[in-house]
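Subject: the model you were going to look at

Hi,

Here is the structure I promised to pass on. Have a look at it first, and then read on for what I found in it.

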Amino acid sequence: MTPMFEKSSLEDGSVRPFVRFLVSVVGVLVAAAIAAIGAGSMPTLFGWLPAGLGLMFWLSLLLLPALLGLYAFLTRVLEGRPLGSVGFAFHLRWKNELGTGLIAGTLMILALAGAQSLLGLARFSPAPEPGGRTVQAGVFFFLFLVMAAADEELVFRGYPFQRLVDVGGPVFAVITLSALFGFAHLRNPFQTWISTINTALVGVMLAICYLRTRALWLPLGIHFAWNFVQGFVLGLPVSGMVFPSGILQAKISGPFWFSGGAYGPEGSILCSGVIAAGTVYFFVSRRIFATSEMQGLSLGLRNGKATVVFPFFS
């Protein structure tokens, strides 16, 4: 190793946070490419399921272990910490944080859908699907959306985000990764400038949830519940995609900026208000805090001193 390389990549004998960030980004891109190749070779799941959703299911399924394996390697080799330090440690409050996220995500999307219904922007009615297919669809979308939410949280609030916090501070990291979160949805069907802004704003809210708890359980719960209730329960489009065989079906009308149009309520200014309210709550609530366990894991500290001796997840 040359002196110039040591100076640019090492700091006090360890790899600089910016170098770790770059390595993680490259690793995520490689993992996503491999998962995409694998997903393309997987069989069709159900005849009633659009091919695009089936492909996304396989992609989510293959990407999740790839990301966990990548982060386990990076945390152990570059950080001297366990995988749980990324945010999925089973600490004392993980169930509470996950439950809070599930409730919050459900209440937020129900508030948004309720506002749309009261304003005449959305009509809901029972979906004309056989009961057996609805149950089958419910199991499928539950599994799919759990994995998809976990993947996105690991990518946008996981190791790369956390190293960027080390590099430039939380504000810089939140703005950067939330903007990328919004841009990542530009290829979604029927996207608009409002939907892109709202997606970035959701990224800010979820990043705040991570920073307040130093864990990914709360943002995972919000992310999953919002999508599952929105798409499978209410029948609303989720980021431009309609889920078949749900519990309800929704008919949307009105100007796109107010209703979200074919993109779904996430493309409306009403959604902007719900996200803003949620962001304020998670930013100021005293019920949201990081346990001493997660402070120690995420910062590599125990009793104020650096340590590398932790179980794998907690």
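A residue counts as buried here when its relative accessible area is under 20%. With that cut-off, Asn 188 is buried, because its relative accessible area is 16%. Bear in mind as you read that this is a predicted model.

While we're on Asn 188: you'll find it in the loop between α7 (170-183) and α8 (193-213). Leaving out residues up to four places away in sequence, Asn 188 touches Ser 239, Met 241 and Tyr 263.

Now for the helix pair I spent my time on. Helix α2 (residues 17-40) packs against helix α6 (residues 159-168) at an angle of about 160°, and their axes are 8 Å apart. That angle makes the two helices, α2 and α6, roughly antiparallel. As for handedness, α2 and α6 cross in the left-handed sense.

Which residues meet there? On the α2 side they are Pro 17, Phe 18, Arg 20, Phe 21, Ser 24, Val 25 and Val 28, and on the α6 side Tyr 159, Pro 160, Arg 163, Leu 164, Asp 166 and Val 167. Sorted by class, the contact of α2 with α6 has 9 nonpolar, 1 polar and 3 charged residues.

Some of those residues turn up again in the salt bridges. How many salt bridges does the structure hold? The count is 5, and here are some that caught my eye.

- Glu 79 pairs with Arg 20, with the closest N and O atoms 2.8 Å apart. Glu 79 sits in helix α3 (residues 51-79) and Arg 20 in helix α2, so this salt bridge ties together parts that are 59 residues apart in sequence. Both Glu 79 and Arg 20 are buried.
- Glu 79 also forms a salt bridge with Arg 81, at 2.7 Å from N to O. Arg 81 counts as buried because its relative accessibility is 8%, and for Glu 79 the value is 14%.
- Asp 166 and Arg 163 make a salt bridge too, with 2.8 Å between the closest N and O atoms. Both residues, Asp 166 and Arg 163, lie in helix α6, 3 residues apart, which is about one turn of the helix. Is each of them buried, or partly exposed? Asp 166 is partly exposed, with a relative accessible area of 42%, whereas Arg 163 is buried at 4%.

Through shared partners, salt bridges join Arg 20, Glu 79, Arg 81, Arg 163 and Asp 166 into one network. So if you open the α2 and α6 contact in your viewer, keep that network on screen: Arg 20, Arg 163 and Asp 166 are among the residues that meet there.

Two more residues to look up. His 223 lies in helix α9 (residues 217-233) and is buried, with a relative accessible area of 9%. Setting aside neighbours within four places in sequence, His 223 is in contact with Ala 149, Glu 152, Glu 153, Arg 157, Phe 181 and Leu 206.

Then there is Leu 83, in the loop between α3 and α4 (94-118). Leu 83 counts as buried, at 7% relative accessibility. How far from Thr 291 is it in sequence and in space? Leu 83 and Thr 291 are 208 residues apart along the chain and 17 Å apart from C-alpha to C-alpha.

That's it from me.

Cheers

Notes:
Residues numbered from 1 in each chain as written. Predicted model: local features only at pLDDT ≥ 70, side-chain atom pairs only at ≥ 80, totals over all residues. Heavy atoms only, no water. Axes fitted to C-alpha atoms, helices over the stretch in contact; angles between N-to-C directions. Helix = DSSP H or I, 4+ residues; strand = E, 2+ residues; numbered from the N terminus. Parallel < 35°, antiparallel > 145°, perpendicular 65-115°, else oblique. Left-handed = near helix turned anticlockwise from the far one by under 90°. Contact = heavy atoms within 4.5 Å. Nonpolar A, V, L, I, M, F, W, Y, C, P; charged D, E, K, R; others polar. Salt bridge = Lys/Arg side-chain N within 4 Å of Asp/Glu carboxyl O. Buried < 20%, exposed > 50% of the residue type's maximum accessible area, 1.4 Å probe, protein only.
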